[in-house]
Amino acid sequence: MEITIRNATLGDIPFLVETIIEAEKSGTPILSYTTIFGLIEEDVKKYIALMLEEEIDGCELSISAFLLAEFRGETIGAVCAWVEGLEGVSSTILKGNLLRFTLPQHCFESISLLNHLIRELHIDYIADTIQIGLVYVAEKARGQGLVQKLLSKKIEQLKQANLKINDAYVQVFGHNFAAIKSYEKLGFETIEYKIARNKEITNYLPSDSKLLMKLNI
Amino acid sequence: MNNLQVFEKLTSLFQEVFENPNLVLSEKLTANDVDNWDSLTHMILITEIETQFDIKFKLKELNKMKNVGDLLGAITFKLSE
């Protein structure tokens, strides 16, 4: 299978939106953008597109963070990764700013009530390391080593531009055994595991647990 | 509102949002220095700041803020507009 690996552009926004949504759901019907902000999925797609169009660098809603795989002109895979805090602002803040700026006011009326719950699975990003936001491969293209190709290429790209970076991290929901296994095969090791005490969290997030995995590069 | 009043009001907001009455603000304080400063808490913080100070930030302004000092400067600037 002859695959082209390339950087994402503005023209890829529809594919990126679908990828982000699939990654957020993590194989479950739970889309946190809908459950936390009280939105319907169609509106979430619209807002994610708007946020990508801002072309902010350095977070999971950055076009520049995406590397895509194409086969015969069709996009079949994506990886999203960035160097954390490169411009002195954390990706958490960048994402929060994008959401605050883009989503309608009513989305923020009740989020303070959910904060205690969601916070149970929060793991800080570490500055000056590579953060992997997501990896996605279309079902028909799986089993051909595309995850490793995309991830290796993106890590290489980021490391070449930032020679002092030695570590890559990924946060994976605990139920996503397939993803955990994939990362382990690539040499990632679990270094932190969080499990929420309040199981109501699964009304808002795909899982009640999260792993932090690390790779020395 | 003078700079001291802005600082005191901001401190009070931070203490409320982060549920930490002992939180002390300094100009160099960043998200890395404060527990539980995640994207959701950040949104709540910005919402509260905009509501309490009756101001509205542009995205470009929000993304320029690297620490509390920058935030204080931005609020003061907005209040003087």
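# Exercises on a predicted two-chain model

From the N terminus on, chain B runs α-α-α-α. The structure is a predicted model, and the exercises below treat its chains, its salt bridges and several loop residues.

## Exercise 1. The make-up of chain B

Determine how many helices and strands chain B has, and whether its radius of gyration agrees or disagrees with that of a compact globule.

Solution. Step one is the count of elements: chain B has 4 helices and 0 strands. Step two is the comparison with the globule rule. For 81 residues, a compact globule would have a radius of gyration near 12 Å, and chain B has 12 Å, so the two agree. Step three concerns the extent of the chain: along the principal axes, the C-alpha atoms of chain B fill a box of roughly 35 × 25 × 20 Å. Step four turns to burial, and here 49% of the 81 residues in chain B are buried.

## Exercise 2. The make-up of chain A

Describe the pattern of elements in chain A, and state what its radius of gyration is.

Solution. Begin with the totals: chain A has 7 helices and 7 strands. Read along the sequence, these elements follow the pattern β-α-α-α-β-β-α-α-β-α-β-α-β-β. The radius of gyration of chain A is 17 Å, close to the 17 Å that the globule rule gives for 217 residues, so chain A is as compact as a globular protein of that length. The box filled by its C-alpha atoms, taken along the principal axes, is roughly 45 × 35 × 35 Å. Finally, 53% of the 217 residues of chain A count as buried.

## Exercise 3. Residues with positive phi

Locate A:R72 and B:E19, which are residues other than glycine with a positive phi, and classify each by its accessibility.

Solution. Take A:R72 first. Its phi is near 50°, and the residue is found in the loop between β2 (66-71) and β3 (74-83) of chain A. The cut-off for an exposed residue is over 50% relative accessible area. A:R72 has a relative accessible area of 77% and is therefore exposed.

Turn next to B:E19. Phi of B:E19 is near 50°, and B:E19 lies in the loop between α1 (3-17) and α2 (39-53) of chain B. Its relative accessible area is 48%, so B:E19 is classed as partly exposed.

## Exercise 4. A charged patch on chain A

Name the residues that form a negative surface patch, and place A:E55 in chain A.

Solution. The negative surface patch is formed by A:E53, A:E54, A:E55, A:D57 and A:E87. Within chain A, A:E55 is in the loop between α3 (41-53) and β2. The relative accessibility of A:E55 is 47%, so this residue counts as partly exposed.

## Exercise 5. Salt bridges

State how many salt bridges there are over all chains. Then examine the bridges of A:D12, B:E50 and B:E61.

Solution. The count over all chains comes to 14 salt bridges.

In chain B, B:E50 forms a salt bridge with B:K56, with the closest N and O atoms 3.6 Å apart. B:E50 has a relative accessible area of 6% and is therefore buried. Another salt bridge joins the side chains of B:E61 and B:K78, at 3.1 Å from N to O. B:E61 lies in helix α3 (residues 59-64) of chain B and B:K78 in helix α4 (residues 68-80) of chain B, so this pair ties together parts that are 17 residues apart in sequence. Both B:E61 and B:K78 are buried.

In chain A, salt bridges that share partners join A:R6, A:D12 and A:E70 into one network. Within this network, A:D12 forms a salt bridge with A:R6, and their closest N and O atoms are 2.8 Å apart. With 7% relative accessibility, A:D12 counts as buried, whereas A:R6, at 23%, is partly exposed.

## Exercise 6. A buried loop residue

Establish where A:S90 is located, and find what distance separates its C-alpha atom from that of A:I126.

Solution. A:S90 is in the loop between β3 and α4 (91-102) of chain A. The cut-off for a buried residue is under 20% relative accessible area. A:S90 has a relative accessible area of 13% and is therefore buried. A:S90 and A:I126 are 36 residues apart along the chain, and their C-alpha atoms are separated by 8.9 Å.

Key:
Residues are numbered from 1 along each chain as its sequence is written. Chains are lettered from A and ligands numbered from 1 in the order in which they are written. This is a predicted model: local features need pLDDT of at least 70, side-chain atom pairs count only at pLDDT 80 or more; totals for chains, interfaces and linings use all residues. Side-chain values use heavy atoms; hydrogens and water are left out. Helices (H or I, at least four residues) and strands (E, at least two) are DSSP runs, numbered from the N terminus. Buried means under 20% relative accessible area, exposed over 50%, partly exposed in between (1.4 Å probe, protein chains only). Patches are made of residues with over 30% relative accessible area and no salt bridge: like charges are joined within 9 Å, nonpolar side chains (Val, Leu, Ile, Met, Phe, Trp, Tyr) within 5 Å. Accessible areas come from the Shrake-Rupley method with a 1.4 Å probe; for residues, only the protein chains shown count as cover. A salt bridge is a side-chain nitrogen of Lys or Arg within 4 Å of a carboxyl oxygen of Asp or Glu. Lys and Arg count as positive and Asp and Glu as negative; His and the chain ends are not counted. The place of a charge is taken as NZ of Lys, CZ of Arg, CG of Asp or CD of Glu. The radius of gyration is taken over C-alpha atoms; the globule rule is 2.2 Å times the number of residues to the power 0.38.
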